[in-house]
Amino acid sequence: MAPSTSVQSTTDADWRPKVIIFDLLTALLDSWTLWNASTPTGTEEEGRRWRARYLEITFGQGDYVPYEDLVRQAAAEAGVAPSAPASLLRNWSSLQAWPEVPDVLARLRARGYRLGVVTNCSRALGTAAGGRAGAFDTVVTAEESGFYKPRREAYAAILAAMGVEPGEALFVAGSAGDVQGATEAGMTVVWHNRVGLAAKGAAVPLRESRSLDDALRGFI
């Protein structure tokens, strides 16, 4: 694992959130391997090209439209065969959590945190994927909130569902867009940058690491 990065923050060293909210499809689940495997070549190059275009489309979308449509649009615009989205959706239930996820979630629960998820996908796919990561107090999908992250309304929906203010939540981002979006929504953010994505925007996380347990060091 690459070393983690900590930054100076105004967050009090003794601050303890009431809830910890996660991105799902990168922070908790290895969805990247499934995207790669779903392409005709099964390569990381083709999978990442498709996923990069999907992220651009989704993070610029705002209002919810069917997630599956965006996956297909991204494949077409990235030059990936139409069979790839069909394979991805067909094998969605095979998504796997990153190895340390069960232990991290158990340790957080033992410390009394309530755990939530806000994810950019449909209700059906979010329910299926969430079950692969573990049990959560609250899961809010883009379909349910009506907005894709990083729109502020998407983060507001999970905060409202969990009954907390932004300053009472720690957000675990999986992507650079989530770092910016969750910060702008008023939450303290750590970044589980498992796949080594480039930073975007001006927001800086409290901590960035290639492993979930290290990203959450000090909270578990």
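This is a short dialogue on how to read the boundary between two domains in a predicted model.

Colleague: Where do the two domains run along the chain?

Modeller: Start with the assignment, since a domain need not be one unbroken stretch: here domain 1 takes 19-30 + 95-216, while domain 2 covers 32-93. Their C-alpha centres sit 20 Å apart.

Colleague: And how many residues of each domain are in contact with the other?

Modeller: Count from both sides. Domain 1 puts in 24 residues, and they meet 21 residues of domain 2. Then look at area: the two domains bury about 2000 Å² between them, with 60% of that on carbon and sulfur atoms.

Colleague: Which three residues of domain 1 supply the most of its buried area?

Modeller: Leu95, Leu125 and Tyr148. Together they supply 34% of what domain 1 buries against domain 2, more than any other three residues.

Colleague: What about charge, how many salt bridges are there between the domains?

Modeller: One salt bridge is counted between domain 1 and domain 2. Look at aspartate 63 and arginine 151, whose side chains meet in a salt bridge at 3.5 Å, N to O. For polar contacts, the count between the domains is 13 residue pairs.

Colleague: Which elements give two or more residues to the domain 1 side?

Modeller: Three helices do: α6 (123-133), α7 (142-145) and α9 (176-184). Of the elements, α6 gives the most, with four residues.

Colleague: How does that side split by class?

Modeller: Sort the residues of domain 1 that touch domain 2, and you get twelve nonpolar, six polar and six charged.

Conventions:
Residues numbered from 1 in each chain as written. Predicted model: local features only at pLDDT ≥ 70, side-chain atom pairs only at ≥ 80, totals over all residues. Heavy atoms only, no water. Domains from an automatic or database assignment. Contact = heavy atoms within 4.5 Å. Buried area = accessible area lost by both parts, 1.4 Å probe. Salt bridge = Lys/Arg side-chain N within 4 Å of Asp/Glu carboxyl O. Polar contact = N/O pair within 3.5 Å; in protein donor to acceptor, adjacent residues only side chain to side chain. Nonpolar A, V, L, I, M, F, W, Y, C, P; charged D, E, K, R; others polar.
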